[in-house]
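Colleague: I have a structure open in front of me and would like to learn how to read it. Could you walk me through it step by step?

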Protein chains: 2
Amino acid sequence: MIGAFKSTNQRARVVAEGIATAIHEHRLAPGMKLIEDEVGEIYGVSRTIVRSALQSLSHEKLVEIEPNRGAFVARPSVRDAREVFEARALLEPRTAHSAATRTTPADIELLKRHIEEEHAALDAEEVGRALRLSGNFHIEIARIANQATIAAFIGQLVARSSLIIALYWRRRNALCESHAHHALLDALARNEADRAEELMTSHLVDLVSLLDLTEPPVEPTSLKEALGAE
Amino acid sequence: MIGAFKSTNQRARVVAEGIATAIHEHRLAPGMKLIEDEVGEIYGVSRTIVRSALQSLSHEKLVEIEPNRGAFVARPSVRDAREVFEARALLEPRTAHSAATRTTPADIELLKRHIEEEHAALDAEEVGRALRLSGNFHIEIARIANQATIAAFIGQLVARSSLIIALYWRRRNALCESHAHHALLDALARNEADRAEELMTSHLVDLVSLLDLTEPPVEPTSLKEALGAE
DNA sequence: GAGGCAGGGATTGTATACAATGCATCCGAT
DNA sequence: ATCGGATGCATTGTATACAATCCCTGCCTC
């Protein structure tokens, strides 16, 4: 949605976005193997396209490609998790600041609709969809800041965050976020840049505090994966 | 050098790094066309590998792939240039701060050697090589900060900066940088984090001030490119 | 001449064939 | 029974063949 790249080949893009969305919505769990033939069959394309898509996803660190072994949904380590949120803490507050100075009523409408959709998804028990929309809220703010380069970085970090949440989230309640997003929306609507920056900072701190980053490894997808690999 | 990724296929990596280095050293000019067959012949690989490499480079925005038209060395717009240095201003000073708190004598030795190599290259009139080494200095600092995720972002931004410099640099003197790098090295050696952060901030400001970002388009590589495309 | 259109060569997009590698299973030896 | 190695299947890595697209050139019309 955010990146209207024309660069990568159209068909590979469809496949990559399909897989990415599935990862964002936690339909594809970390560690899951992505067999080229299977994916190709699903999307009706040859392995050439699938490979291109998988390489693209591996560049965004949503997928890990192990030479001669195949592609797996990435399993960020505890260290990865810390790094991702460290990077977000560096980028997003200042970006929210910038965004607040430029937010238009149209932007506010869009963000409002995002939040509403998120609530609707939560009410419908579609946790995965709610999670993806929650991430999109952050990406939308980066877009408002009108810095495509930084927005692309944030987009990647948000995507990885989804995997991190899948692995290290303490509980199942994503509700807590709604309040923070509402407050951010308010600050943006009033063009209160400093407050938006502070809110984003504390929002990210809150997010990290909801992760359990103590256990070094992570719950394996299957015994086979746990014992067979690495 | 910085990314010892095992992810992408070995052969494609060699090709991608070869092209990337050539871009960093300004042997490949912005806008230049990269024909798959030609590249494949040079490296002794099939188009499959070349395509993989080009897609990888396009993800790093060193190459632009225009559907059905081919791959070209990227030509960052004035806006891209501003965005890249805006992102660097956001990431690098804080990263230098972090790095300064962790810099070891071994790191200092490495950085010193970097600077020396850069000087040697300049003395030998190898401007391209000096430029690449100058960029590596920044990447090395990010590495010292021990944040791989942020370091990867900075690496990408430094690489793009090389293209931006090729297009928008006012003069030919890269000498000015040496002083700033020396000062940074000193701050890191003494573990003076705040000073390192300030030095990095002003260094980046200096860099931008040496760019001429007034002219909307850029000097074309060839008449054909200038008149034929877009 | 200027503009438009058709043909041909060059280049990219995609699928597929074949080689290389890894993984599981089975067998035999100890 | 457990370990070691060999065999076969599943999957990935690479090259190549063919189709689609683009771009250049030359011709034709006005």
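Modeller: Gladly! Let us begin with salt bridges: over all chains, a search of the whole structure finds 30 of them. Keep in mind that this is a predicted model.

Colleague: Which side chains meet in a salt bridge that I could look at in chain A?

Modeller: Try Glu25(A) and Arg132(A), whose side chains form a salt bridge with an N to O distance of 2.6 Å. Glu25(A) sits in the loop between helix 1 (10-24) and strand 1 of chain A, while Arg132(A) belongs to helix 6 (residues 127-144) of chain A, so the pair ties together parts that are 107 residues apart in sequence.

Colleague: Next, the two protein chains. How is chain B laid on chain A?

Modeller: The general idea comes first. Two copies of a chain are related by a rotation about an axis and a shift along it. Here, a turn of 180° and a shift of 0.0 Å along the axis lay chain B on chain A with an RMSD of 0.0 Å. The two copies are therefore related as by a two-fold rotation axis. The same surface serves both copies, as 100% of the contact residues of chain B recur in chain A.

Colleague: How many residues does the contact take from chain B and from chain A?

Modeller: The contact takes 32 residues from chain B and 32 residues from chain A. Another way to read an interface is by its buried area: chain B and chain A bury about 2700 Å² between them, with 54% of it on carbon and sulfur atoms. In chain B, the residues that lose the most area to chain A are His59(B), Leu90(B) and Phe153(B), together 22% of what that side buries.

Colleague: Which helices of chain B each supply at least two residues of the side that touches chain A?

Modeller: Look for helix 3 (47-59), helix 4 (78-100) and helix 7 (148-168) of chain B. Helix 4 of chain B gives the most to that side, with nine residues. Sorted by class, the side of chain B that touches chain A has eleven nonpolar, twelve polar and nine charged residues.

Colleague: And what is the count of salt bridges between chain B and chain A?

Modeller: That count is zero. For polar contacts, on the other hand, the count between chain B and chain A is eight residue pairs, both residues at pLDDT 80 or more.

Colleague: Now the DNA. Which residues come nearest to DNA strand C?

Modeller: With DNA, we can ask who is nearby, and then which part of the strand is approached. There are 18 residues around DNA strand C, and Ser46(A), Thr48(A), Arg69(A), Arg47(B) and Arg51(B) come nearest. Of the atoms of DNA strand C within 4 Å of the protein, 69% belong to sugar or phosphate and the rest to bases.

Colleague: Which side chains have an N or O atom by a base nitrogen of DNA strand C?

Modeller: Two examples will help. An N or O atom in the side chain of Thr48(A) is 2.6 Å from a base nitrogen of DNA strand C, and for the side chain of Arg47(B) the distance to a base nitrogen is 2.9 Å. For the phosphates, find Asn68(B): a polar backbone atom of this residue is 3.1 Å from a phosphate oxygen of DNA strand C. Helix 3 of chain A provides the largest share of the surface near DNA strand C, three residues. That surface divides into four nonpolar, six polar and eight charged residues.

Colleague: Which residues are the closest to DNA strand D?

Modeller: Of the 18 residues that surround DNA strand D, the closest are Arg47(A), Arg51(A), Ser46(B), Thr48(B) and Arg69(B). Sugar and phosphate make up 69% of the atoms of DNA strand D that come within 4 Å of the protein. A polar side-chain atom of Arg47(A) lies 2.9 Å from a base nitrogen of DNA strand D, and an N or O atom in the side chain of Thr48(B) is 2.6 Å from a base nitrogen. Glu36(A) has a backbone N or O atom 3.3 Å from a phosphate oxygen of DNA strand D. The largest share of this surface, three residues, comes from helix 3 of chain B.

Conventions: Residues numbered from 1 in each chain as written. Chains lettered and ligands numbered in written order. Predicted model: local features only at pLDDT ≥ 70, side-chain atom pairs only at ≥ 80, totals over all residues. Heavy atoms only, no water. Least-squares fit on C-alpha atoms with pLDDT ≥ 70 in both. Contact = heavy atoms within 4.5 Å. Buried area = accessible area lost by both parts, 1.4 Å probe. Salt bridge = Lys/Arg side-chain N within 4 Å of Asp/Glu carboxyl O. Polar contact = N/O pair within 3.5 Å; in protein donor to acceptor, adjacent residues only side chain to side chain. Helix = DSSP H or I, 4+ residues; strand = E, 2+ residues; numbered from the N terminus. Nonpolar A, V, L, I, M, F, W, Y, C, P; charged D, E, K, R; others polar. Near = heavy atom within 4 Å.
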